[in-house]
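Hi,

Here is the structure I promised to pass on to you. Have a look at it first, and then read on for what turned up.

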Amino acid sequence: MRLLNLQKRLSRLKLLIIDELGFVPLSPTGAELLFEVFSQRYERGSILVTTNLPFDEWTEMFGSERLTGALLDRLTHHVHIIEMNGDSYRLRQSSRATAPSS
């Protein structure tokens, strides 16, 4: 019952943000549940995903080529992909904060 309530709440959000996808490994059940969330929102609500992993490494994260293909099919339809390369903003900010003043 709790899972169904959570899924309903997530489906009603205008924007769902998934930050650092792939930072923590997904269990097979977790991958299937995340796929279900993405599928329920497909063409019904916006999703913003941040990750350091290129698409070709998503199969390792989701554990199934078929599941990953279906997920990417939904996720990349009607999408804007923004690739950002460069130094980490967090690392740069923390380096400035700890640097000795001159």
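Which residues lie nearest the centre of the largest pocket? Before the answer, please keep in mind that this is a predicted model. The residues in question are V49, T50, T51, I82 and E83, and the lining as a whole counts 38 residues. The space inside the largest pocket comes to about 1500 Å³.

As for where the lining comes from, helix 2 (28-41), strand 2 (46-49), helix 4 (65-75) and helix 5 (89-98) each contribute at least two residues. Strand 2 gives the most, with 4 residues. If you like to think in terms of chemistry, the lining divides into 16 nonpolar, 12 polar and 10 charged residues.

The other thing to show you is a set of aromatic rings. There are 2 aromatic pairs in the structure. In one, F55 and W58 meet edge-to-face, with 5.2 Å centre to centre and 75° between the planes. In the other, W58 and F62 form a tilted pair, at 6.1 Å centre to centre and 40° between the planes. Together, these ring pairs link F55, W58 and F62 into a cluster.

W58 and F62 both belong to helix 3 (residues 58-62), where they sit 4 residues apart, about one turn of the helix.

How much of each residue is accessible? W58 counts as buried because its relative accessibility is 1%, and F62 is buried too, with a relative accessible area of 4%. F55, at 38%, is partly exposed.

Enjoy exploring it!

Best wishes

Methods:
Residues numbered from 1 in each chain as written. Predicted model: local features only at pLDDT ≥ 70, side-chain atom pairs only at ≥ 80, totals over all residues. Heavy atoms only, no water. Phe/Tyr/Trp six-rings, centres within 6.5 Å; stacked < 30°, edge-to-face > 60°. Buried < 20%, exposed > 50% of the residue type's maximum accessible area, 1.4 Å probe, protein only. 1 Å grid on protein atoms, 1.4 Å probe; cavity = no way out; pocket = protein on both sides within 12 Å on 5 of 7 lines; lining within 4 Å. Points joined across faces, edges and corners; volume = space filled by probe spheres on them. Nonpolar A, V, L, I, M, F, W, Y, C, P; charged D, E, K, R; others polar.
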